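Walk me through this protein, strand by strand and core by core. Keep it short and plain.

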Amino acid sequence: MDQSDVSGDIAHILHTEAELGGRLDEMAAQIDADYAGKDLLLVGVLKGAVMVMADLSRRLHHRIEMDWMAVSSYGSGTKSSGVVRILKDLDSDLSGRNVLIAEDIIDSGLTLSWLVQNLRSRGPETVEIATMLRKPEAAKVDVDVKYVGFDIPNEFVVGYGLDYAEKYRNLPFIGTLAPHVYS
């Protein structure tokens with residue numbers, strides 16, 4: 001899928017496929033250096049992190065393990081309920097492990113902050129975060145993020161795992177959704 005397939009739905013492309021790939025190369029090199037000689041468990045947060053997790057993991061140059069979680073703080077609405085629920089928990093024991101959470105985007109940071117505390121309570125050696133996108137203006141809590149792809153404005157974005165009504169996840173770029181799509 002490319003921009004011509006969603007003509008009129010995308011107002012502006014923030015980051016191209018090439019820019020995303022280049023930044024992932026840089027992040028992977030730093031992760032490889034930081035975890036040299038250490039085991040690493042990548043934890044992806046479903047569904048949005050699928051693209052980031054897949055592309056980042058293929059760029060790493062040492063053995064890793066992967067696991068997935070799904071969490072929700074939205075229920076059936078569009079605003080956070082403030083209560084985080086685990087929809088799919090990890091299959092891995094975290095005791096003594098180096099855990100790197102792979103995320104697509106950090107908005108308010110509320111759910112991710114809860115998730116980090118939950119994972120730290122399971123006895124890992126370390127818990128760090130890698131995210132492709134972060135919206136500093138939307139932050140409601142401070143979340144220590146070790147690896148950030150790009151800081152972006154507080155706009156509604158889709159592509160590269162990010163969706164609107166479960167659509168647009170498979171776009172190879174990050175773009176702002178045209179208002180007429182969600183109005």
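Helices and strands here are DSSP runs, numbered from the N terminus; a helix has at least four residues and a strand at least two. Names such as E8 and E9 follow that numbering. The model is predicted.

Start with the parallel strands. Strand E2 covers residues 41-46, and strand E3 covers residues 65-72. E2 and E3 run parallel and share six bridges. One of the matched pairs is Leu-46 with Ala-70 in E3. How does the chain get from E2 to E3? It passes through helix H2, residues 50-59, and this β-α-β crossover is right-handed.

Just past E2 there is a peptide bond to look at. Leu-46 and Lys-47 are joined by a cis peptide bond, with omega at about 0 degrees. Lys-47 sits in the loop between E2 and H2.

E3 also pairs with strand E4, residues 85-88. This pairing is antiparallel, with three bridges. Ser-72 faces Arg-85 of E4 there.

Now turn to strand E5. E2 and E5 are parallel and joined by four bridges. Leu-41 is opposite Val-99 in E5. E5 pairs with E6 as well, again in the parallel sense, over eight bridges. In that pairing, Ile-106 has Arg-134 of E6 as its bridge partner. A second right-handed β-α-β unit is built from E5, helix H3 (residues 110-120) and E6.

Is E5 enclosed or open to the outside? Nine of its nine residues are buried, so E5 is largely enclosed by the rest of the structure. In a regular strand, side chains alternate between the two faces of the sheet.

Look at one residue of E5 in detail. Asn-98 belongs to this strand, which spans residues 98-106. Its relative accessible area is 11%. Buried means under 20%, so Asn-98 counts as buried. A polar atom of the Asn-98 side chain lies 3.2 Å from the backbone oxygen of Asp-39. Beyond four places in sequence, Asn-98 touches several residues, including Tyr-35, Leu-41, Glu-125 and Thr-126.

Next, the nonpolar interior. The largest nonpolar core has 26 residues. Which members touch the most others? They are Ile-31, Leu-100, Met-132, Leu-133, Val-157 and Ile-174. Two or more residues each come from helix H1 (17-34), H2, E5, strand E6 (126-134) and strand E7 (147-151). H1 gives the largest share, five residues. Apart from this core lies another, of 20 residues, with Val-45, Ile-106, Leu-112 and Leu-119 among them.

Met-132 shows what a core residue can meet. Setting aside neighbours within four places in sequence, its contacts include Leu-20, Leu-24, Val-52, Phe-150 and Tyr-160.

Tyr-160 leads to the loop between E8 and E9, where this residue lies. Tyr-160 is not a glycine, yet its phi is positive, at about 50 degrees. With 6% relative accessibility, Tyr-160 is buried. Ala-165 is in the loop between E8 and E9 too. Phi of Ala-165 is also positive, near 55 degrees, in a residue other than glycine. Is Ala-165 buried or exposed? It is exposed, with a relative accessible area of 52%.

The strands on either side of that loop belong to another sheet. This open sheet has three strands in the order E1-E9-E8, with antiparallel pairing. Strand E1 (10-15) and strand E8 (157-158) stand at the edges, each with a single partner strand, so one side of each has no neighbour in the sheet. E1 pairs with E9, residues 174-177, over four bridges. His-12 has Thr-176 of E9 as its bridge partner.

Finish with the aromatic rings. The whole structure holds three aromatic pairs. In one of them, Phe-156 and Tyr-164 meet edge-to-face, with 5.8 Å between centres and 85 degrees between planes. Phe-156 is partly exposed at 38% relative accessibility. Tyr-164 is partly exposed as well, at 28%. Together with Tyr-182, Phe-156 and Tyr-164 form one aromatic cluster.

Notes: Residues are numbered from 1 along each chain as its sequence is written. This is a predicted model: local features need pLDDT of at least 70, side-chain atom pairs count only at pLDDT 80 or more; totals for chains, interfaces and linings use all residues. Side-chain values use heavy atoms; hydrogens and water are left out. Two strands pair if DSSP finds at least two bridges between them. Rings of Phe, Tyr and Trp (its six-membered ring) pair if their centres lie within 6.5 Å; planes under 30 degrees apart count as stacked, over 60 as edge-to-face and the rest as tilted. Buried means under 20% relative accessible area, exposed over 50%, partly exposed in between (1.4 Å probe, protein chains only). A polar contact is a pair of N or O atoms within 3.5 Å; within protein, one must be able to donate a hydrogen and the other to accept it, and residues adjacent in sequence count only if both atoms are side-chain atoms. Contact means heavy atoms within 4.5 Å. A crossover is right-handed if, with the strands pointing away from the viewer, the path from the first strand over the helix to the second runs clockwise. A nonpolar core is a set of buried Ala, Val, Leu, Ile, Met, Phe, Trp, Tyr and Cys residues joined through side-chain atoms within 4.5 Å.
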